[in-house]
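Here's a quick briefing to read with the model open beside you. Take the topics in any order you like.

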Amino acid sequence: MVWGAYFDDSESGGNFAVAGCVAPLETWNAFTLAWIDVLEEDGVCWFHATDFANCHRDFVAWRRDQNRQRKFYDSLLALIKKFRVRPISYMIPAYRMERR
């Protein structure tokens with residue numbers, strides 16, 4: 001079986017994490033098109049959770065519009081549930097990264 005996926009990395013305090021979502025390729029392709037539709041409906045070019053949470057970049061104008069924020073976020077979560085996209089993550093603690 002072939003899978004589609006998206007992953008992003010993060011580092012904080014020396015800890016390294018990778019997280020994302022996976023689904024069978026056919027499902028992933030349909031999910032991606034639906035995701036893009038939600039973004040375009042709200043005039044968003046790219047969803048980055050940090051930008052969304054802090055009202056940066058595409059979300060600057062949303063700072064005082066909690067209803068819009070909630071509706072948009074709920075729409076994305078509904079797609080994840082509808083297409084049964086699965087989250088996956090892994091974290092390597094800083095102490096594991098130290099050279100011996």
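Which helix is the place of glutamine 69? Glutamine 69 sits in helix H3, and we'll come back to its surroundings below. Keep in mind that this is a predicted model. The chain averages a pLDDT of 94, with 98% of the residues scoring at least 70.

**Confidence**

- Helix H1 is where the confidence peaks, at a mean of 98.
- At the other end of the scale is helix H4 (residues 94-97), where confidence is lowest in the chain, with a mean of 79.
- As a general caution, predicted coordinates should not be read in detail where pLDDT is low.

**The sheet**

- Three strands make up an open sheet, in the order E1-E2-E3 and with antiparallel pairing.
- Strands E1 (3-12) and E3 (86-92) are the edge strands; each has a single partner strand, so one side of each has no neighbour in the sheet.
- From one strand to the next, the twist averages 15 degrees.
- E1 and E2 (residues 15-24) run antiparallel and are joined by ten bridges.
- To follow that pairing along the strands, start with tryptophan 3, which stands opposite proline 24 in E2.
- Further along, aspartate 9 faces valine 18 in E2, and serine 12 has asparagine 15 in E2 as its bridge partner.
- The hairpin of E1 and E2 has two residues between the strands, and glycine 13 there takes a positive phi near 60 degrees.
- On the E3 side, E2 and E3 pair over seven bridges, again in the antiparallel sense.
- One pair to look up there is alanine 17 and methionine 91, the latter in E3, which stand opposite each other.

**Helix packing**

- H1 (residues 25-41) lies across E1 and E2, and runs at about 100 degrees to E2.
- Two packed helices are described by the angle between their axes and the distance between the axes.
- For H1 and H3 (residues 66-82), the axes come within 10 Å and cross at roughly 170 degrees.
- Angles over 145 degrees count as roughly antiparallel, and H1 and H3 are therefore roughly antiparallel to each other.
- From the H1 side, the contact uses Phe31, Ala34, Trp35, Val38 and Leu39.
- These meet Phe72, Ser75, Leu76, Leu79 and Ile80 of H3.
- By class, the residues of the contact between H1 and H3 come out as nine nonpolar, one polar and no charged.

**Glutamine 69 and cysteine 55**

- Is glutamine 69 buried or exposed? Its relative accessibility is 17%, so glutamine 69 counts as buried, the cut-off being under 20%.
- Leaving aside neighbours within four places in sequence, the contacts of glutamine 69 are Phe52, Cys55, Trp62 and Arg63.
- Cysteine 55, one of those contacts, lies in the loop between helix H2 (49-54) and H3.
- Cysteine 55 is buried as well, with a relative accessible area of 6%.

**Backbone oddities**

- Most residues other than glycine have a negative phi, and most peptide bonds are trans.
- Cysteine 55 is not a glycine, yet has a positive phi of about 55 degrees.
- Arginine 84 also has a positive phi, near 55 degrees, in a residue other than glycine.
- You'll find arginine 84 in the loop between H3 and E3.
- Where cysteine 55 is buried, arginine 84 counts as exposed, at 56% relative accessibility.

**Aspartate 37**

- Aspartate 37 has its place in helix H1.
- With a relative accessibility of 42%, aspartate 37 counts as partly exposed.
- How many Å separate the C-alpha atoms of aspartate 37 and histidine 48? They are separated by 16 Å, and the two residues are eleven residues apart along the chain.

Conventions:
Residues are numbered from 1 along each chain as its sequence is written. This is a predicted model: local features need pLDDT of at least 70, side-chain atom pairs count only at pLDDT 80 or more; totals for chains, interfaces and linings use all residues. Side-chain values use heavy atoms; hydrogens and water are left out. Two strands pair if DSSP finds at least two bridges between them. Helices (H or I, at least four residues) and strands (E, at least two) are DSSP runs, numbered from the N terminus. Axes are lines fitted to C-alpha atoms, for helices over the stretch in contact, and angles run from 0 to 180 degrees between N-to-C directions. Contact means heavy atoms within 4.5 Å. pLDDT is the predictor's confidence in each residue, from 0 to 100. Angles under 35 degrees count as roughly parallel, over 145 as roughly antiparallel, 65 to 115 as roughly perpendicular and the rest as oblique. Ala, Val, Leu, Ile, Met, Phe, Trp, Tyr, Cys and Pro count as nonpolar, Asp, Glu, Lys and Arg as charged, and the others, Gly among them, as polar. Buried means under 20% relative accessible area, exposed over 50%, partly exposed in between (1.4 Å probe, protein chains only).
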